[in-house]
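Please open the model in your viewer and keep the sequence panel beside it, since the tour below moves from the whole chain to a single residue.

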Number of protein chains: 2
Amino acid sequence: MERAPEVIVTVDVGLFTLVEGALAVGLIRRGAPPYAGVEALPGGYVHPEEDGSTHAAALRVLDAKVGLEPSYLEQLYTFSGLVRDPRGWSISVAYYALVPSEQLAPAVEAGELRLVAVDEAPKLPFDHDEILAIAVHRLRAKSTYSTLPAFLLAPSFTLSELQEVYEQVIGQSLDRTTFRRQMLDLGAIEPTGQRRRTGASRPAELYRLRGPELRPFGLP
Amino acid sequence: MERAPEVIVTVDVGLFTLVEGALAVGLIRRGAPPYAGVEALPGGYVHPEEDGSTHAAALRVLDAKVGLEPSYLEQLYTFSGLVRDPRGWSISVAYYALVPSEQLAPAVEAGELRLVAVDEAPKLPFDHDEILAIAVHRLRAKSTYSTLPAFLLAPSFTLSELQEVYEQVIGQSLDRTTFRRQMLDLGAIEPTGQRRRTGASRPAELYRLRGPELRPFGLP
């Protein structure tokens with residue numbers, strides 16, 4: 001029976017949120033070599049003795065490094081080879097996560113995480129530049145036909161906030177009336193029964209996603 | 001510095017072709033335990049000393065087990081955990097490949113590969129049932145908006161053959177005139193300058209893909 005070869009198996013996560021309305025990614029400063037002291041995507045070794053899967057490993061890494069349980073986490077792509085990690089032949093099963101910025105505030109305030117607009121990210125170590133680019137591309141593409149962008153918002157949001165996050169992520173203005181009709185006809189969101197006062201005008205109705213799963217959304 | 005844990009790293013490939021017009025998958029009988037003698041998707045260990053990446057590993061496995069260089073190979077998803085492989089905690093980076101059946105004839109005749117319609121596949125070992133189901137789903141979904149199905153055909157094909165493979169893979173009848181106009185307007189295929197006699201009628205013009213990359217195709 002052929003012997004299993006030694007391969008370094010890691011997970012890395014593109015952690016996305018909104019900062020002042022713009023799509024931002026979370027970076028952490030690496031404590032250990034390689035690239036000690038350099039900012040990178042959150043990541044770490046898979047721990048076979050405790051992780052049920054690479055998905056579970058990604059959740060554990062986010063919890064350990066950022067104190068976070070993301071509302072949305074999806075496998076992105078698996079990167080591999082000899083040159084991507086100076087420690088040797090490695091595999092990184094890459095994920096991307098979407099979270100409301102409120103969830104990241106403690107880690108940001110503690111200096112454990114820095115949020116940077118995705119188009120202003122510094123040069124990243126390993127192949128994290130490529131992972132980030134592919135994650136942003138996937139996030140933008142999937143946002144045109146699903147409820148994905150809503151996972152960047154707090155659990156309750158106004159329809160204006162929802163439209164703004166769609167426009168920001170897909171980089172395109174949307175017609176207000178069409179957007180609202182599509183969102184409500186779709187049944188992907190539901191009123192919470194609460195309202196929020198945002199200015200002098202009458203309080204805006206608050207909505208929430210109807211479930212944790214992605215739902216289709218047909219943009220015009 | 002944290003030590004890299006031991007994880008079994010493999011690749012598995014959903015190898016698709018057409019058999020009598022129907023979408024079929026290639027199975028090989030395993031020679032070594034676990035599941036010796038049982039039919040499975042082609043797969044094997046990643047060999048860090050010779051494979052440049054998991055993609056290269058998938059190509060090597062196809063070449064070694066089926067004598068094949070596929071015209072289309074794409075990463076599907078990475079499967080992982082303790083229970084999917086009796087040898088221990090494992091990762092399988094799964095791929096799917098599309099090839100014309102002519103390329104598989106030698107392996108089939110030599111008894112090294114069996115082609116079975118995807119909806120008649122036997123129970124497969126490991127999590128290969130799940131890998132196959134997800135691969136078929138991806139293949140069908142991507143066929144609705146790209147030139148992917150053409151990779152199931154020989155390098156030269158008639159427009160009728162191309163329409164048939166689209167209809168078979170996506171499970172939907174297509175309007176002949178619209179299909180032809182879309183295909184030709186798209187610029188994804190080009191005439192070879194050759195014709196082929198298929199029956200009593202006048203010889204049909206032969207076409208080929210304009211490049212190895214996938215191109216968009218907007219079905220109505």
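Helices here are DSSP runs of H or I with at least four residues, and strands are runs of E with at least two, both numbered from the N terminus. The model is a predicted one.

Begin by selecting chain A and colouring it by secondary structure, which should bring up five helices and nine strands. Following the chain along its sequence, you pass through these elements in the pattern β-β-β-β-α-β-β-α-β-α-α-α-β-β.

Next, zoom out to take in the whole chain, whose C-alpha atoms fill a box of roughly 65 × 40 × 30 Å along the principal axes. The radius of gyration of chain A is 19 Å, which agrees with the value near 17 Å that a compact globule of 220 residues would have. If you display contacts between residues at least 6 apart in sequence, 63% of them join residues at least 24 apart.

Now switch on the surface of chain A, where about 10,200 Å² is accessible and 50% of that area belongs to carbon and sulfur atoms. Of the 220 residues, 52% count as buried. Selecting the charged side chains picks out 22 positive and 28 negative ones, with the centres of the two sets 5 Å apart.

For the last stop, select A:P48, which sits in the loop between β4 (43–45) and α1 (54–66). Is this residue, A:P48, buried or exposed? A:P48 is buried because its relative accessible area is 17%, and the cut-off for that class is under 20%. Finally, add A:L15 to the selection: A:P48 and A:L15 are 33 residues apart in sequence, and their C-alpha atoms are 23 Å apart in space.

Conventions. Residues numbered from 1 in each chain as written. Chains lettered and ligands numbered in written order. Predicted model: local features only at pLDDT ≥ 70, side-chain atom pairs only at ≥ 80, totals over all residues. Heavy atoms only, no water. Rg over C-alpha atoms; globule rule 2.2 N^0.38 Å. Buried < 20%, exposed > 50% of the residue type's maximum accessible area, 1.4 Å probe, protein only. Contact = heavy atoms within 4.5 Å. Areas by Shrake-Rupley, 256 points an atom, 1.4 Å probe, with all protein chains shown as cover. Lys, Arg positive; Asp, Glu negative; His and termini not counted. Charge placed at Lys NZ, Arg CZ, Asp CG, Glu CD.
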